[in-house]
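Here is a set of exercises to work through with the model open beside you. Try each task first, then follow the solution step by step.

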Amino acid sequence: MIEAPGMSDQPLLVAEGLAKTYGRLVACRDISFTLYPGEVLAIVGESGSGKSTLLQMLSAQLAPSAGRVSYRMRDGVLRDLAALGEAERRFLFRTDWGYVHQDPAQGLRMAVSAGANVGERLMAVGWNNYGRIRQTASSWLDRVEIDVARIDDAPRTYSGGMRQRLQIARNLVTEPRLVFMDEPTGGLDVSVQARLLDLMRSLVNELGLAAVVVTHDLAVARLLSHRVIVMKEGRVIETGLTDQVLDDPREPYTQLLVSSILPP
Amino acid sequence: MNAPTYNFAYLDEQTKRMIRRAILKAIAIPGYQVPFASREMPMPYGWGTGGVQVTAAILGPTDVLKVIDQGSDDTTNAISIRKFFAKTAGVTTTTSTEVATVIQTRHRIPEASLRAGQVLVYQVPIPEPLRYLEPRETETRRMHALAEYGLMHVKLYEDIARFGHIATAYAYPVKVNARYVMDPSPTPKFDNPKMDNCPALQLFGAGREKRIYAIPPYTSVVSLDFEDHPFTRYKFDAPCALCGAADSYLDEIVTDDKGSRMFVCSDTDYCEGRQAAGHRGSQAAAPHKEAAHD
């Protein structure tokens, strides 16, 4: 386990008693945790366990039925996300936060060039110099290991792994402090997954990012995260340090999850 | 036999009141697209149904109307709209930019500078400047509301990345009164500077899309650009072949089937005025004989 850089004793994101119900259907119930700067939290569990619902509530895309999410803004004040105005929320979303979708087509503009995809957030915060935008875009393409010669190609000409790396570059260009990732390696083949995980791990370390990663792949959780939350039927059944939970699971369900991975 | 009777300027008074309310709101919020209950007009969409409704709503008996299409007073669209209002409102029509009080236009702004008291009515096909980048109407409205215009620069960025310069040549996006980004209708970007701080009132009507927007007199209109790729007006290589004007927007006219062509002012009134004043271009024939017919 690597020591997370930039750890501080003030939480970045606080979830208190979060719940989401759709009529009689309960998607999430009574979820509380805190996330500290520079910390990577994995949310694992099987399909339908409420992971993605939780992620949407944390990133203020879905209003919780009960409970609340607070976030420490850049000025150091912890604020309730539900109390933010829409303009503030959207500004937060494209500056201080990143959101990596499982399907890159949702997170990218497929018809405009890679350079413009990376530059969009910069232009949205008022960058007005083409040369500087392009230079920043190419340095980010380089960082995510995309050939800079392809800066003017549209992402629809990219492979799945390149699209996912481009999506990461697009999110990180404004130097966010918190990144949400929804199954970032889903749909990629194993060797591409390995490269992507390697890249994400080094970026998270370099930039001191905090991240919430939703995954059903325990290998992703083991490689990326410091802490793990295990969900089942909408509730948190086990939480703890990644190696502790994965090597020494307490709950029967977690034991089942861990034992269902084929031995390497 | 009874001839069909129309209300003054075709539309009924209730409809005109509704359109005027939309126009007043549009003037109060420069560049903001005001929805209105666009009516069926006796012409197909795309022929200026929006512009015609705006003109009908503001026209008074003493107004003098000029209609231009691509700068020209004598194309089908311009002539039929002029005749339409001569018939339904009995107003005086003209081809002179000077004399007109209301000018309905498609795709051009007259070369002669406009004066206070004049109204320029644009026919608009697609009022939403963000349309081709963001297909969702709910999302574009929200972007306007929150002044999130980064996406507009993405379009200009793409132009430079692909062509080396901002290649958008018409419908070039502008920011009105330092707030709303607006599509100036498909006028060439050559005309964009004329909109800035213009003494005349500028009204935009989109009939199919049911939107009206406006630029009040003396309002700032800034074309979007990058610091290192500033907005430039299109420059022509040669002057007008008929009147020799070097400062006007030119049309390319194919003169035979062997590839010969000439470049002439698209604003016919401006070109005729200059020829009448004795200016001659390289291909000007006998002193000007033809004039627009009503």
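## Exercise 1: A strand and its partners

Strand S3 (residues 40–44) of chain A runs parallel to strand S8 (residues 210–215) of chain A, and five bridges join the two. Helices (H or I, at least four residues) and strands (E, at least two) are DSSP runs, numbered from the N terminus, and two strands pair if DSSP finds at least two bridges between them.

Before you start, a word on the model: it is predicted, so local features need pLDDT of at least 70 and side-chain atom pairs count only at pLDDT 80 or more, while totals for chains, interfaces and linings use all residues. Residues are numbered from 1 along each chain as its sequence is written, and chains are lettered from A and ligands numbered from 1 in the order in which they are written.

**Task.** Find which residue of S8(A) stands opposite Ala42(A), then place S3(A) in its sheet.

**Solution.**
- Step 1. Look across from Ala42(A) and you will find Val213(A) in S8(A).
- Step 2. Turn to strand S9 (residues 227–232) of chain A, which pairs with S3(A) in the parallel sense over four bridges. Here Val44(A) has Val230(A) as its bridge partner.
- Step 3. Follow S9(A) on to S10(A): this pairing is antiparallel, over six bridges, and it includes Arg227(A) with Leu241(A) as its bridge partner.
- Step 4. Put the strands together as an open sheet of six, in the order S6-S7-S8-S3-S9-S10 (chain A), with mixed pairing. Strand S6 (97–100) and strand S10 (235–241) of chain A each have a single partner strand, so one side of each is left without a neighbour in the sheet.
- Step 5. For the twist, expect an average of 15 degrees from one strand to the next.

## Exercise 2: Covered or open?

**Task.** Decide how many of the five residues of S3(A) are buried.

**Solution.**
- Step 1. Set the cut-offs: a residue is buried if 20 or more other C-beta atoms lie within 10 Å of its own, exposed if 12 or fewer, and partly exposed in between, with C-beta atoms placed from the backbone.
- Step 2. Recall that side chains in a regular strand alternate between the two faces of the sheet.
- Step 3. Check one side, with Val40(A), Ala42(A) and Val44(A), and then the other, with Leu41(A) and Ile43(A); these are all buried. That makes five of five.

## Exercise 3: Two helices side by side

**Task.** Describe how H4(A) and helix H6 (residues 160–172) of chain A cross.

**Solution.**
- Step 1. The two axes come within 7 Å and cross at roughly 30 degrees. Axes are lines fitted to C-alpha atoms, for helices over the stretch in contact, and angles run from 0 to 180 degrees between N-to-C directions.
- Step 2. This makes H4(A) roughly parallel to H6(A), a label for angles under 35 degrees.
- Step 3. Ala114(A), Asn117(A), Val118(A) and Arg121(A) of H4(A) meet Leu166(A), Ala169(A) and Arg170(A) of H6(A). Two residues are in contact if their C-beta atoms, placed from the backbone, lie within 7 Å.

## Exercise 4: Where the chains meet

**Task.** Find which helix gives the largest share of the side of chain A that touches chain B.

**Solution.**
- Step 1. Count the residues in contact: 16 of chain A with 14 of chain B.
- Step 2. Helix H2 (86–95), helix H4 (114–124) and helix H5 (130–143) of chain A each supply at least two residues of this side of chain A.
- Step 3. The largest share, six residues, comes from H4(A).

## Exercise 5: One loop, two residues

**Task.** Say whether Asp152(A) is buried, partly exposed or exposed, and describe its surroundings.

**Solution.**
- Step 1. Asp152(A) lies in the loop between H5 and H6 of chain A.
- Step 2. With 13 other C-beta atoms within 10 Å, Asp152(A) is partly exposed.
- Step 3. Leaving aside neighbours within four places in sequence, Asp152(A) is in contact with Ser113(A), Gly115(A), Ala161(B) and Arg162(B).
- Step 4. Glu145(A) is also found in the loop between H5 and H6 of chain A. Its phi is near 60 degrees, a positive value in a residue other than glycine.

How values were computed. Angles under 35 degrees count as roughly parallel, over 145 as roughly antiparallel, 65 to 115 as roughly perpendicular and the rest as oblique.
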